[in-house]
Amino acid sequence: MPKTLYDKLWEEHHITTLDSSESLLYIDRQYLHEVTSPQAFEGLSKKGLSPWRLNANIATPDHNVPTERGESFKTENIKDEISKIQVTELDKNCNKFGIKQFDITSINQGIVHVIGPELGYTLPGMTIVCGDSHTSTHGAFGCLAMGIGTSEVEHVLATQTLKVSKLKNMRVKFNGEPQEGVTSKDIVLFLIRTIGTAGGNGHAIEFAGSYIESISMEARMTICNMSIEAGAKVGLIAPDATTFNYVKDHSQLSEEEFEDAMSHWTSLVSDNDASFDKEIEIDISLIKPQVTWGTSPEMVVDFDQEIPNLDFVDGENKRNYELAKKYMGIEENQKVTDLKFDRVFIGSCTNSRIEDLRDAAKVVDGKKVSEDIIEAIVVPGSGLVKEQAESEGLNIIFEKAGFVWRDPGCSMCLGMNPDQLKPYERCASTSNRNFEGRQGNLGRTHLMSPLMAALTAVNGRVVDPS
Amino acid sequence: MKIEGNELIISGVVATIDRDNIDTDQIIPTEYLKSIKKFGFEDYLFDGWRYLDEGKLGISKNDREQNPDFILNQVPYDKATILLTRDNFGCGSSREHAVWALRDFGIKIVIASSFGDIFYNNCFKNGVLPIKLDKNKIEDLFQKMSDNSADLSVSLDSKKIFQNENELYSFDVEENLLERIIYGLDDVDMTLKHKAKILAFEQTRMKNTPWIFSND
């Protein structure tokens with residue numbers, strides 16, 4: 001029977017069927033960070049167990065770390081006492097169990113979904129888990145990668161397996177050439193707008209089509225990263241020459257291991273006649289830059305389009321839209337271009353890689369951050385991204401324009417570290433969630449691409465990139 | 001959970017929140033994810049809607065300015081054991097803290113038309129039962145709950161929902177998942193019964209795809 005890529009990955013890792021709905025899958029790699037791991041380590045200790053396969057695990061602190069650290073910053077220098085306890089706990093647990101950690105002092109520290117691929121720990125065909133829903137990012141390499149809860153983190157530590165129900169198959173084909181100023185962030189926001197935040201529930205989404213084939217690994221990671229915002233905890237892309245070149249540059253495999261692996265990796269594609277439970281095709285040539293206006297990632301408009309008028313919204317959405325408009329401080333008949341912005345955040349596991357920073361720097365070069373903007377920050381996703389950006393002089397471009405150049409971490413994507421919005425501040429953000437309070441109590445988030453966020457910083461408003 | 005006759009029943013006050021896509025950031029904001037404990041999240045459930053001031057980990061509800069308009073601050077819903085809501089409840093982040101907050105508050109059942117996939121899984125690890133019902137039944141339940149009779153009973157044996165002894169609907173849930181709630185089963189213990197199979201699988205995988213284990 002013809003199989004999808006997801007079917008193949010499922011079968012390759014299938015140990016045994018447990019009962020009517022669940023199977024035991026072997027997990028090749030687990031990434032750990034400070035927020036969702038302490039209770040898992042505690043559970044492991046209480047049971048008197050050790051990690052099943054120590055080197056399957058890679059850890060780094062990212063959610064809590066301050067992004068103004070400077071030289072020789074250590075865990076004990078974190079000012080927020082509660083954040084410090086959590087990061088210290090990760091240090092202690094990694095030491096106690098012998099887990100490889102890129103700690104706060106390491107050049108390799110960064111957002112877990114940025115450092116995994118960059119350091120070559122993410123390889124095609126792997127099953128990858130992490131106590132973080134944006135683990136779907138690694139699906140860009142043809143991995144079966146998903147976010148899990150803390151009980152499951154403990155389960156994977158203890159058994160190297162996960163109990164899972166098989167998902168349904170969905171395929172999204174993106175065909176066509178993007179317009180000027182349109183990036184993979186716009187494409188994935190358009191998808192979420194089209195199918196809704198529950199559109200992919202219960203499914204693994206395979207992204208395919210000529211557009212996907214044409215884009216870089218970093219752009220593919222942005223799309224798989226946000227499959228969770230479309231409801232799918234698994235997003236994946238068949239590995240191809242683009243993938244293999246990236247892996248060759250980043251992994252520590254010997255030439256022999258790499259050649260050996262290649263013969264397997266090339267089989268990781270959906271068979272021609274494989275059937276999908278759901279299939280969508282989108283002509284991307286019609287898509288304009290996308291910006292969210294509300295408090296759910298499906299509340300998206302073209303940058304120059306009117307935000308839905310409540311008079312023309314049907315029953316089910318009406319209440320959601322009304323609450324969202326009120327929270328966001330948006331009046332009837334407004335466009336996103338009518339709104340005045342207070343802050344700009346370029347970063348997060350969605351958009352903090354080197355290509356994102358280059359995209360943003362391109363439109364900032366020689367310009368100044370608008371006087372209306374209180375602060376615009378650029379937060380590279382990892383120590384290595386930061387180093388690369390500095391070697392290209394991107395930090396100089398940003399700083400000359402009045403941006404603040406920071407140290408790596410999750411930063412303003414979520415309110416766990418000092419980078420937060422104040423009540424009612426409006427932020428142009430390259431992150432992935434515009435939920436109420438996500439960037440700080442009562443803060444107002446508009447998701448967009450790095451290019452659009454950089455332009456917003458310069459103009460104080462969302463503007464036409466062309 | 002108690003036994004009535006021969007049936008395992010969960011019953012109690014139903015609190016309703018009439019919104020779609022309630023994400024886990026609303027169920028519990030990130031501030032409280034700084035805790036390294038697995039319990040003690042009851043005061044932070046729906047923090048952004050439940051309080052008028054900004055909270056911090058460690059500050060109890062008695063020292064906060066409560067929002068009188070929010071249902072969980074109103075009698076009898078402050079003792080709710082069942083939560084009724086709309087579509088895609090628990091979407092967003094994988095934080096199990098969202099389920100811990102519901103559990104610690106006393107919520108044993110969440111009824112919605114659909115759930116975020118990761119949240120749905122997390123529920124069964126913590127004794128919270130997520131019940132999926134069709135949208136029209138959810139609408140009907142919202143109507144029924146607005147008539148001042150905010151109590152429901154749920155039978156875990158017959159998988160039926162009752163109001164004042166009257167059967168309203170049946171629901172579907174995988175038997176093995178339900179058993180985890182009924183017996184409080186621990187997944188790690190259960191899986192380690194398959195230790196030999198896991199080891200054998202791993203040995204074969206090391207032979208067939210050695211590059212996966214190259215940094216071991």
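Ala454(A) is in contact with Ile346(A), Ala360(A), Val363(A) and Val364(A), leaving aside its neighbours within four places in sequence. Two residues are in contact here if their C-beta atoms, placed from the backbone, lie within 7 Å. This is a predicted model, in which local features need pLDDT of at least 70, side-chain atom pairs count only at pLDDT 80 or more, and totals for chains, interfaces and linings use all residues. Residues are numbered from 1 along each chain as its sequence is written, and chains are lettered from A and ligands numbered from 1 in the order in which they are written.

**Core and helix packing**

Ala454(A) is also named among the residues of the largest nonpolar core, which has 195 residues. Val344(A), Ala360(A), Ala454(A), Ala457(A), Ala101(B) and Leu102(B) touch the most other members of that core. A nonpolar core is a set of buried Ala, Val, Leu, Ile, Met, Phe, Trp, Tyr and Cys residues joined through C-beta atoms within 7 Å. A residue is buried if 20 or more other C-beta atoms lie within 10 Å of its own, exposed if 12 or fewer, and partly exposed in between, with C-beta atoms placed from the backbone.

Two packed helices are described by the angle between their axes and the distance between the axes. Helices (H or I, at least four residues) and strands (E, at least two) are DSSP runs, numbered from the N terminus. The axes of helix α12 (residues 354-364) of chain A and helix α15 (residues 450-459) of chain A cross at roughly 35 degrees and come within 8 Å. Axes are lines fitted to C-alpha atoms, for helices over the stretch in contact, and angles run from 0 to 180 degrees between N-to-C directions. The crossing of α12(A) past α15(A) is right-handed; a crossing is left-handed if the near helix is turned anticlockwise from the far one by less than a right angle, and right-handed if clockwise.

On the α12(A) side, the residues that meet α15(A) are Asp356(A), Asp359(A), Ala360(A), Val363(A) and Val364(A). Their counterparts in α15(A) are Pro450(A), Leu451(A), Ala453(A), Ala454(A), Leu455(A) and Val458(A). By class, the residues of this contact are nine nonpolar, no polar and two charged. Ala, Val, Leu, Ile, Met, Phe, Trp, Tyr, Cys and Pro count as nonpolar, Asp, Glu, Lys and Arg as charged, and the others, Gly among them, as polar.

Helix α12 of chain A also takes part in the packing of α13(A), whose buried residues pack against α4 (112-118), α12 and α14 (394-401) of chain A. In helix α13 (residues 383-391), Gly383(A), Leu384(A), Val385(A), Lys386(A) and Ala389(A) are buried. Gly393(A), with a positive phi near 75 degrees, follows α13(A).

Elsewhere in chain A, Phe190(A) lies in helix α6 (residues 184-195). Phe190(A) is buried because 21 other C-beta atoms lie within 10 Å. Not counting residues up to four places away in sequence, Phe190(A) touches Ile287(A) and Gln290(A).

**A sheet in chain A**

Three strands of chain A form an open antiparallel sheet in the order β1-β2-β8. Its edge strands are β1 (14-17) and β8 (161-165), each pairing on one side only. The twist averages 30 degrees from one strand to the next. Two strands pair if DSSP finds at least two bridges between them; β1(A) and β2 (residues 22-26) of chain A have three bridges. His14(A) has Leu25(A) in β2(A) as its bridge partner.

**Where the chains meet**

In the interface, 64 residues of chain A are in contact with 51 residues of chain B. The largest share of the side of chain A that touches chain B, six residues, comes from α5(A). That side has 18 nonpolar, 30 polar and 16 charged residues.

**Chain B**

Chain B has eight helices and eight strands. Of its 216 residues, 42% are buried. Its C-alpha atoms fill a box of roughly 65 × 45 × 30 Å along the principal axes.

Some backbone angles in its loops are listed below.

| Residue or bond | Angle | Place in chain B |
|---|---|---|
| Val75(B) to Pro76(B), cis | omega near 5 degrees | Pro76(B): loop between α2 (47-50) and β3 (82-84) |
| Asn88(B) | phi near 60 degrees | loop between β3 and α3 (97-105) |
| Glu165(B) | phi about 70 degrees | loop between β7 (160-163) and β8 (166-170) |

Asn88(B) counts as buried because it has 26 C-beta neighbours inside 10 Å. Glu165(B) counts as exposed, with 6 such neighbours inside 10 Å.
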